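Trainee: I should be grateful for a close look at a single part of this structure. Please then set that part within the chain as a whole.

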Amino acid sequence: MVPEHIRKELSDHCAHYDSRRVGLIWVLQQLQEYYGGWLNDDAVREAADIVGVTEADAEGVATFYNWFFREPVGENVIVVCDSISCHLCGCDKITAHLEKRLGIKMGETTADKKYTLLPVVCLGNCDKSPCLMIGDELYDNVTPESLDKTLDEISSKPKAAAK
Ligand code: FES
């Protein structure tokens, strides 16, 4: 459970809305960050309790959105768009390149917990396909070469401090 002062902050945030449930996404985001990047069952129950919705409501939101993770993920989550424009512009080649370079399949995390690779639906950037995101950063017109450069840069950074 989060400390009482954080719980109070999250609860107070929900009180700003006409309906407390409006704050559910934000609360889940805060708890995901607090718990190291993913939401276990207890965290989802905690969110429901803080907001005042049912566990099923919180679970429904936590499993609907791509950016809530219900299993541990790596330090860098790479989501590759596999919708129609990106598909037509070669996202399969990008995915294959990533899988080979990282030594994992789509849906998996590297053994060193540095990367998780996931598919995602349209990122809304279709005119610059193929696209992917690494964390909060959007990358467009991705090629295997541009991807290698990006991953080289990320891999050379020191690991983020654990919470
Ligand atoms: S289809 Fe990939 S960004 Fe829209």
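**A close look at Gly 52**

Mentor: In this predicted model, Gly 52 is partly exposed, because 15 other C-beta atoms lie within 10 Å, whereas a buried residue would need 20 or more and an exposed one 12 or fewer. As to its place in the chain, Gly 52 belongs to the loop between helix H3 (41-51) and helix H4 (55-64). A partner from elsewhere in the sequence can also be named: Arg 21 is 31 residues apart from Gly 52 along the chain, and the C-alpha atoms of the two are separated by 7.2 Å.

Let us now turn to the whole chain. The protein chain contains 7 helices and 4 strands, and their order along the sequence is α-α-α-α-β-α-α-β-β-β-α. Its C-alpha atoms fill a box of roughly 50 × 35 × 20 Å along the principal axes. Of the 163 residues, 25% count as buried; Gly 52, being partly exposed, is not among them. If one takes the contacts with a separation of 6 or more, 54% of them join residues 24 or more positions apart.

Finally, consider the helix that ends the pattern. Helix H7 covers residues 144-156, which gives 13 residues. From its first C-alpha to its last, H7 reaches 18 Å, close to the 18 Å expected at 1.5 Å a residue. H7 is hardly covered, for the count of buried residues among its 13 residues is 1.

Key. Residues numbered from 1 in each chain as written. Predicted model: local features only at pLDDT ≥ 70, side-chain atom pairs only at ≥ 80, totals over all residues. Helix = DSSP H or I, 4+ residues; strand = E, 2+ residues; numbered from the N terminus. Expected span 1.5 Å × (residues − 1). Contact = placed C-beta atoms within 7 Å.
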